[in-house]
Amino acid sequence: MSATRTGLAIVDAAVGAAAPLPRDNGELVFEEPWQGRALGMGVVSLERAGASWEDFRRHLVAAIAARSPRDGESAATAYYAAWLDALEALLAERGLLRSAG
Amino acid sequence: MSDAHEHHHDGHHHPRPASEVELRARALEALLAERGLVSTDAIDAVVELYEHDVGPQNGAQVVAGAWVDDAYRERLLSRPNEAIAELGFGGAEGDNMVVVANTADVHNVIVCTLCSCYPWPVLGLPPSWYKSSPYRARVVAEPRAVLREFGLELRDDVEIRVWDSSGEVRYLVLPMRPAGTDGYGEDELAAIVTRNSMIGTAVPVAGEAAVA
């Protein structure tokens with residue numbers, strides 16, 4: 001598979017039991033397309049930036065802990081919102097989100 | 001688990017513009033694309049891959065491991081979660097695995113009579129027949145007939161044990177290592193361990209590669 005070197009099993013192992021991907025009987029749960037894109041964005045950008053999944057997990061666990069749940073928000077929405085927080089934090093830490101110039 | 005499959009069909013959500021978090025996701029994707037860190041195609045490919053990237057290969061490695069290493073087999077039967085985790089597999093829903101070993105006198109088969117609970121961290125997504133009402137009802141009532149329909153003919157004196165999975169306990173069948181595999185390495189062994197042999201509706205056969 002040329003799409004990515006990072007198989008789903010690698011992501012599962014990386015996020016670990018502390019922050020497992022939302023699933024329903026094994027199937028990944030994407031309630032809205034942006035959630036799948038958030039996951040894909042993480043995988044692709046970490047790969048291209050050469051960032052480690054261990055760093056990402058650290059940020060993800062922190063983002064989940066830091067995030068207060070919103071009214072009526074589903075578990076998958078909360079998870080992938082935290083996922084975006086973590087991705088931004090990690091890329092910012094590596095200076096990849098600074099505006100050019 | 002069945003409750004988790006209930007959805008609300010009685011009425012519409014209010015149509016609403018993209019949520020705040022959705023807009024954030026789009027903005028981040030645009031920014032990352034600008035930096036050359038992602039492309040729409042690459043993200044699409046990952047999502048597509050992940051939605052289908054589940055198969056029984058993990059379980060096959062577990063079984064092959066148990067075939068070549070008696071100590072691992074013992075750990076697998078006595079502490080399945082830990083033994084499976086040793087190979088790097090597992091997940092929140094895969095907790096409370098129970099591994100049931102086939103012997104010359106006992107054949108095991110798994111089902112989820114209530115819905116479709118399945119040991120997905122090792123077997124991937126369940127095949128459609130596993131989720132079908134006929135299988136769920138009949139494998140309990142007349143397992144021998146059902147297995148025969150799968151092409152598995154068991155001797156009359158072989159006891160068939162049917163294990164009903166649930167959200168709390170998920171079973172994996174450890175099939176017997178088939179004859180004629182003495183010279184096989186672990187990877188060759190894993191290659192003949194089919195998904196159905198780990199559900200119990202088939203047995204592995206030497207020289208017959210598993211098809212996911």
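Here are legends for a few close-up views of this predicted model.

**View 1. Chain B on its own.** Tracing chain B from end to end, you pass through 11 helices and 4 strands. The chain runs to 212 residues, and 37% of them are buried. Take the contacts in chain B between residues at least 6 apart in sequence, and 68% of these turn out to join residues at least 24 apart.

**View 2. Where chain A meets chain B.** Chain A puts 35 residues into this contact and chain B puts in 32. On the chain A side, α1 (8-15), β1 (23-24), β2 (27-28), α2 (33-49) and α4 (75-93) each bring at least two residues. The top contributor to that side is α2(A), with 12 residues. Sort the chain A residues that touch chain B by type and you get 19 nonpolar, 8 polar and 8 charged.

**View 3. The largest nonpolar core.** This core holds 37 residues, and B:V63, B:L172, B:V173 and B:V193 have the most contacts inside it. Helix α3 of chain B (residues 57-68) gives the most to this core, chipping in 6 residues.

**View 4. Zooming in on B:L172.** Which residues is B:L172 in contact with, leaving aside its neighbours within four places in sequence? They are B:G59, B:M97, B:V99, B:P119, B:V122 and B:M198. B:L172 is also one of the residues with the most contacts inside the largest nonpolar core.

**View 5. Another core.** Apart from the largest core lies another one, made of 35 residues. Its members include A:A63 from chain A, along with B:L37, B:A42 and B:I43 from chain B.

Definitions and conventions
Residues are numbered from 1 along each chain as its sequence is written. Chains are lettered from A and ligands numbered from 1 in the order in which they are written. This is a predicted model: local features need pLDDT of at least 70, side-chain atom pairs count only at pLDDT 80 or more; totals for chains, interfaces and linings use all residues. A residue is buried if 20 or more other C-beta atoms lie within 10 Å of its own, exposed if 12 or fewer, and partly exposed in between; C-beta atoms are placed from the backbone. Two residues are in contact if their C-beta atoms, placed from the backbone, lie within 7 Å. Ala, Val, Leu, Ile, Met, Phe, Trp, Tyr, Cys and Pro count as nonpolar, Asp, Glu, Lys and Arg as charged, and the others, Gly among them, as polar. A nonpolar core is a set of buried Ala, Val, Leu, Ile, Met, Phe, Trp, Tyr and Cys residues joined through C-beta atoms within 7 Å.
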